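Here are two short exercises to work through with the structure open beside you. Have a try at each before reading its solution.

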Amino acid sequence: MKNPLSLLQKLSFLAACAFTIVAPVIGYLTIGLAPVIIVGGSALAGLICWSFIYLRNPVEPRIILPLFILTVAGLQIHIVEEYLMGFAPAMSRLFGIPWSERSFLMVFALIGPVIYTLTSLGLYYKIPIAGFVAWFIFIGPGVAEFTHFIFPLIAPDLRPNDPHPLTAFIEGTRIPQMPNFYFRTTGHYYFPGMWTAVFPMIPGCLAIYRLLIKTNK
């Protein structure tokens, strides 16, 4: 019989569940359906894996912490390419969502690094909720980055046959210079972030593999 959860573990589990529900809802209300699929799916998968692998028995920092740091370092390099090549406006045109560059920078370039730094500290001290954040990063910005290779094949919601940048209001928000990366229109197989997507994917996938192997020993 498993030992009962401590108070800290229970609070961590409730916080993780709340994030798994609230984050996709906020994403849906502010941006659209895409965050529900990507963020919600990653959070749910991370919650399940974390609950069985980390919550009761936190992994030793020497196993999980270096891979987490490598994943978020690769993610930050990846975000640089996304910003320079117009990932947020490209996603706005692709899915017809109001995702401004300002909100993209606020979440991924400013708030994100703060969370990653605190998570690293939490993993070092084996704080349960830090393990959930790590699993979310391994699965979301880690494994889910493969979607960048699918985006050029999807016809944009807004003027898919027009190769020129588009400025338009989407749900009351003005989104300027939305580029079109649809392969059939541009003839080029590319989407912002594609070339650096493997940077967080490699350590993220390796982390998942090592953590799963550890539980089976």
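A search of this whole predicted structure turns up 19 aromatic pairs.

**Exercise 1.** Classify the ring pair formed by Phe 19 and Phe 136, then place both residues in the chain and decide whether each is buried or partly exposed.

*Solution.*
- Step 1: General idea. Two numbers describe a pair of aromatic rings: the distance of the centres and the angle of the planes.
- Step 2: Geometry. The centres of Phe 19 and Phe 136 are 5.4 Å apart, with 80 degrees between the planes. Planes over 60 degrees apart count as edge-to-face, so this pair is edge-to-face.
- Step 3: Location. Phe 19 belongs to helix α1 (residues 7-30) and Phe 136 to helix α6 (residues 128-142); the pair links distant parts of the chain, 117 residues apart.
- Step 4: Exposure. Buried means under 20% relative accessible area. Phe 136, at 15%, is therefore buried, whereas Phe 19, at 32%, is partly exposed.

**Exercise 2.** Describe helix α5 (residues 101-124): its span, where it bends, and what covers its buried residues.

*Solution.*
- Step 1: Span. The 24 residues of α5 reach 33 Å from first C-alpha to last, close to the 34 Å expected.
- Step 2: Bend. At Gly 112, α5 bends by about 45 degrees, and Pro 113 follows within four residues.
- Step 3: Burial. Gly 112 is also one of the buried residues of α5, which include Phe 104 and Tyr 116. Their cover includes α3 (61-85), α4 (87-95) and α6.
- Step 4: Links and exit. Phe 104 joins a cluster of ring pairs that includes Trp 99 and Phe 108. Just after α5, Lys 126 takes a positive phi of about 60 degrees.

Terms used. Residues are numbered from 1 along each chain as its sequence is written. This is a predicted model: local features need pLDDT of at least 70, side-chain atom pairs count only at pLDDT 80 or more; totals for chains, interfaces and linings use all residues. Side-chain values use heavy atoms; hydrogens and water are left out. Rings of Phe, Tyr and Trp (its six-membered ring) pair if their centres lie within 6.5 Å; planes under 30 degrees apart count as stacked, over 60 as edge-to-face and the rest as tilted. Helices (H or I, at least four residues) and strands (E, at least two) are DSSP runs, numbered from the N terminus. Buried means under 20% relative accessible area, exposed over 50%, partly exposed in between (1.4 Å probe, protein chains only). The expected span of a helix is 1.5 Å times one less than its number of residues. The bend at a residue is the angle between axes fitted to the seven residues ending there and the seven starting there. Contact means heavy atoms within 4.5 Å.
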